[in-house]
Structures are given as structure tokens and as C-alpha cells.
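Me: I'm new to this one, so could you walk me through it? I'll ask, you explain.

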Amino acid sequence: MVREQLLNPDESAAVKATSVGFGVFMGIVPLWGFQLAIAIALAFAFRLNKALVIIAANISIPPMIPLILFLSHRTGAIWMGDQAQLISFTSGITLEMVHNNFIQYVVGAVTLSIVAGIGFGLVTYILLKIFKIDAVKSRDIADKV
């Protein structure tokens, strides 16, 4: 059943790539605790491939969270300009430090989620077109599996 959803022959490469891109976007956007629920609801609303959205949204698995947090903070520094702050990992994390870096993190996380979503979506689309995994071939693969 999962393979049928992933290789759905009735969906175009554009729908599959959009599903992956949207899933990555939802996995990074700072809506912690609600990311997957919102992603699934919007996948139904936008008629995306739900299985691909769920798989791609799981980019925020525990081993990836420190990297996502770091990249979000660094990306936010681009928008903050002279007001950008660097996190010192040698000193303890205080509530004041979190407060001072919150806006930079949120702006960076939203920017990173948009860029990563578009990037993963484009890469997925290009790979699907290169390997010609379109409706006809997906149907053949699904029938063999």
C-alpha cells in the first residue's frame, strides 16, 4: 500500500516533487509539535501525495534538529545584518540568550524552510524527469512490485 502511494501512477512528476518540497518545508518551519499534523491536513487540501509529504516532513528527526537549529540561526543572521548574534557554545544557555536570538532564529528558520523546500522539490523533479519515472513507468513499477 505504501509503495502504491509513493509510486502513484496517476500523479505527475510535478505533484510528487511538490509533495517532497512541501514536506521538507513543513519539516523545517518552526511550528514544532504541529508540523506533521498541519502538513497532513494541507496535503489533503492541496491534493498532494500524502506519503511523500509525511516522509519528507520527517527531516526534523532528532539527529537533524541541531543542524536545523544551527542553520536556521545562521540563515537568520543574513537578515539581521549588524544586529546578528553568534551563539557561544562555550558558555551556558540562558533565558536571556534565547530571548535575544529568538527573532533571528524564527526569520532564519522560515527562510531556510522555504529555500530547502524549493531546493528539494526542484532536485526531486529533475531526478524524476532524468530517470523518466512518470505516470507510465510508475504504473509498470507498481505492477511488478
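Me: Let's start somewhere specific: what is the place of Val20?

Reply: Residues are numbered from 1 along each chain as its sequence is written. This is a predicted model, where local features need pLDDT of at least 70, side-chain atom pairs count only at pLDDT 80 or more, totals for chains, interfaces and linings use all residues, and side-chain values use heavy atoms, with hydrogens and water left out. Helices here are DSSP runs (H or I, at least four residues; strands are E, at least two), numbered from the N terminus. With that numbering, Val20 sits in helix 2.

Me: Is Val20 buried or exposed?

Reply: Buried means under 20% relative accessible area, exposed means over 50%, and partly exposed is in between, using a 1.4 Å probe on protein chains only. Val20 comes in at 14% relative accessibility, so it counts as buried.

Me: Which residues is Val20 in contact with, leaving aside its neighbours within four places in sequence?

Reply: Contact means heavy atoms within 4.5 Å. With neighbours within four places set aside, the partners of Val20 are Leu52, Ala56, Phe120 and Thr124.

Me: How many of the residues of helix 2 are buried?

Reply: Helix 2 covers residues 13-28. Among its buried residues are Ala13, Val20, Phe22 and Ile28. Helix 2 is mostly covered, and the count of buried residues is 12 of its 16.

Me: How far apart are the end C-alpha atoms of helix 2?

Reply: The expected span of a helix is 1.5 Å times one less than its number of residues. For the 16 residues of helix 2 that gives 22 Å, and the model agrees, with its end C-alpha atoms 23 Å apart.

Me: Which residues make up the largest nonpolar core?

Reply: A nonpolar core is a set of buried Ala, Val, Leu, Ile, Met, Phe, Trp, Tyr and Cys residues joined through side-chain atoms within 4.5 Å. The largest one has nine residues: Val20, Val24, Ile28, Leu52, Ala56, Ile59, Ile68, Leu112 and Ala116.

Me: Which element gives the largest share of this core?

Reply: Helix 2, helix 4 (50-57) and helix 6 (95-130) each give two or more residues to it. The largest share is three residues, and it comes from helix 2.

Me: How do helix 2 and helix 6 run relative to each other?

Reply: Axes are lines fitted to C-alpha atoms, for helices over the stretch in contact, and angles run from 0 to 180 degrees between N-to-C directions. Helix 2 and helix 6 pack at an angle of about 155°, with their axes 7 Å apart. Under 35 degrees counts as roughly parallel, over 145 as roughly antiparallel, 65 to 115 as roughly perpendicular and the rest as oblique. Helix 2 and helix 6 are therefore roughly antiparallel.

Me: Where does Ile28 touch other residues, leaving aside its neighbours within four places in sequence?

Reply: Ile28 is one of the helix 2 residues that meet helix 6. Its full set of contacts, without those neighbours, is Gln35, Ile59, Ile68, Ala109, Leu112, Ser113 and Ala116.

Me: Which residues in helix 4 meet helix 3?

Reply: The axes of helix 3 (residues 35-46) and helix 4 come within 9 Å and cross at roughly 155°. That makes helix 3 roughly antiparallel to helix 4. On the helix 3 side, Leu36, Ala39, Ile40, Ala43 and Phe44 take part, and in helix 4 they meet Lys50, Val53, Ile54 and Ala57.

Me: What about the loop between helix 3 and helix 4: is Arg47 buried or exposed?

Reply: Arg47 lies in that loop. It has a positive phi of about 55° although it is not a glycine. Its relative accessible area is 71%, so Arg47 is exposed.

Me: Which helices do the buried residues of helix 5 pack against?

Reply: Those buried residues are Ile68, Ser72, His73, Thr75, Gly76 and Ala77. Thr75, for one, has a relative accessible area of 15%, and it touches Gly108, Thr111 and Leu112, not counting residues up to four places away in sequence. The helices that the buried residues of helix 5 pack against are helix 2 and helix 6.

Me: Stepping back, how many helices does the protein chain have?

Reply: From the N terminus on, the elements run α-α-α-α-α-α-α. Of the 145 residues of the chain, 34% count as buried. There are zero strands, and the number of helices is seven.
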